[in-house]
Amino acid sequence: MLESPDNEILQEDIEQAVAQNLPFDELKDSRVFVTGATGLIGSQVIKFLLCLNRLKNMNITVIAFARSKEKAKKVFPYLEEEDHLTLALGDISNPVDYAGEVDYILHGASPTSSKYFVSNPVETITTAMDGTRYVLDFAKEKQVKGVVYLSSLEVYGTPAEDAGMITEKDYGYIDPLSVRSSYSEGKRIIECLCASYAKEYNVPVKVARLSQTFGAGVEYDDGRVFAEFARCAIEGRNIVLHTEGKTVRSYCYTMDAVTALLTILIKGKTGEAYNVTNMDTAISIYDMAKLVCELQPESGISVEKDIPEDLASFGYNPEMVIRLDATRLQELGWQATVDMQGMYKRLIASMKLEK
């Protein structure tokens, strides 16, 4: 059975990624535990692993850790028929309860909404902290071969104006008294927690610092800015910016992020961090909005600005230029495959199917 039967764009992504013949032989006959299993990244990791089984006969058992059986069945409609996929129900705010053996863990459970970081800063911090501690204790108990924690480019804060390419050793300023920092400061302390478990308990955990990641499989009502731009193109609405749009970031396609995470899981060095990004995608928010308009000329849409007085309520980060350097990850044998235009073309095509 196909891994993404309801989305042919995502299915094509998955099969093309498997066809890259990346060095994932160590996963053969293994058991991989994925938290955040129904989220964008977690679900695509699982679908990729199941496709490896189907096309490469890898015999990987995937344990999907999720809060809701109903949502899991929606994301994985073949859940009850797929012998290599097991659902473990639980909340990351509690200790992980799973009796079976586990070889690898990918920890992706995390809030992702900027507005949530502002409205629920305490929960943003405590859920991430407690959840990761429980996952690391679980990894220690199971004596796993590898763990990857999904961190974020937000650990870099606001870089200096002349920072250039940001390597894993470069850090900018974060205001600890801003509630919006609940996410970025939370990611920083959790990375330190990961390094501490690696040092004190020999837990083989590695950190993946993802740039903003999108592509096929994003839900139609996703609240993040890249999805709003795509919706505007689909619905023929002008793109309305609530900032000047000067922030520059680099981005990564979803399936490229999946192969990066598995590369870090298998080949990454314990206690180290790796930037996950396509270094050729750095673009400002404003220019990205213009690009989307140009990709859909038949829609006749344009970019507008409507900057509110209470900008902080939107949960936006300060304007900055942050271009991540993925050289360390590339040295493990990984390469990005989809550029910004391709990312949006496939995102829009996929969202039309989700509509």
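A polar contact is a pair of N or O atoms within 3.5 Å; within protein, one must be able to donate a hydrogen and the other to accept it. The exercises below use this predicted model.

**Exercise 1.** Which residue caps the N-terminal end of α1, and which backbone nitrogen does its side chain face?

Solution.
1. Helix α1 covers residues 8-18.
2. The cap is Asn7, with a side-chain oxygen 3.1 Å from the backbone nitrogen of Ile9.
3. The cut-off for a polar contact is 3.5 Å, and the 3.1 Å between the Asn7 oxygen and the Ile9 nitrogen is within 3.5 Å.

**Exercise 2.** Which residues of α1 are buried, and what do they pack against?

Solution.
1. Buried means under 20% relative accessible area.
2. In α1, the buried residues are Ile9, Leu10, Gln11, Asp13, Ile14, Ala17 and Val18.
3. An α-helix has 3.6 residues a turn, so residues three or four places apart point the same way.
4. The packing partners of the buried α1 residues are three helices, α2 (40-56), α8 (254-267) and α11 (340-354), and strand β10 (248-253).

**Exercise 3.** Why does the radius of gyration of the chain agree with a compact globule?

Solution.
1. For 355 residues, a compact globule would have a radius of gyration near 20 Å, and the chain has 19 Å, so the two agree.
2. The C-alpha atoms fill a box of roughly 55 × 45 × 40 Å along the principal axes.
3. Of the 355 residues, 52% are buried.
4. Among contacts between residues at least 6 apart in sequence, 83% join residues at least 24 apart.

**Exercise 4.** How many positive and negative side chains does the chain have, and how far apart are their centres?

Solution.
1. The chain has 37 positive and 52 negative side chains.
2. The centres of these two sets lie 2 Å apart.

Key. Residues are numbered from 1 along each chain as its sequence is written. This is a predicted model: local features need pLDDT of at least 70, side-chain atom pairs count only at pLDDT 80 or more; totals for chains, interfaces and linings use all residues. Side-chain values use heavy atoms; hydrogens and water are left out. Buried means under 20% relative accessible area, exposed over 50%, partly exposed in between (1.4 Å probe, protein chains only). Helices (H or I, at least four residues) and strands (E, at least two) are DSSP runs, numbered from the N terminus. Contact means heavy atoms within 4.5 Å. The radius of gyration is taken over C-alpha atoms; the globule rule is 2.2 Å times the number of residues to the power 0.38. Lys and Arg count as positive and Asp and Glu as negative; His and the chain ends are not counted. The place of a charge is taken as NZ of Lys, CZ of Arg, CG of Asp or CD of Glu.
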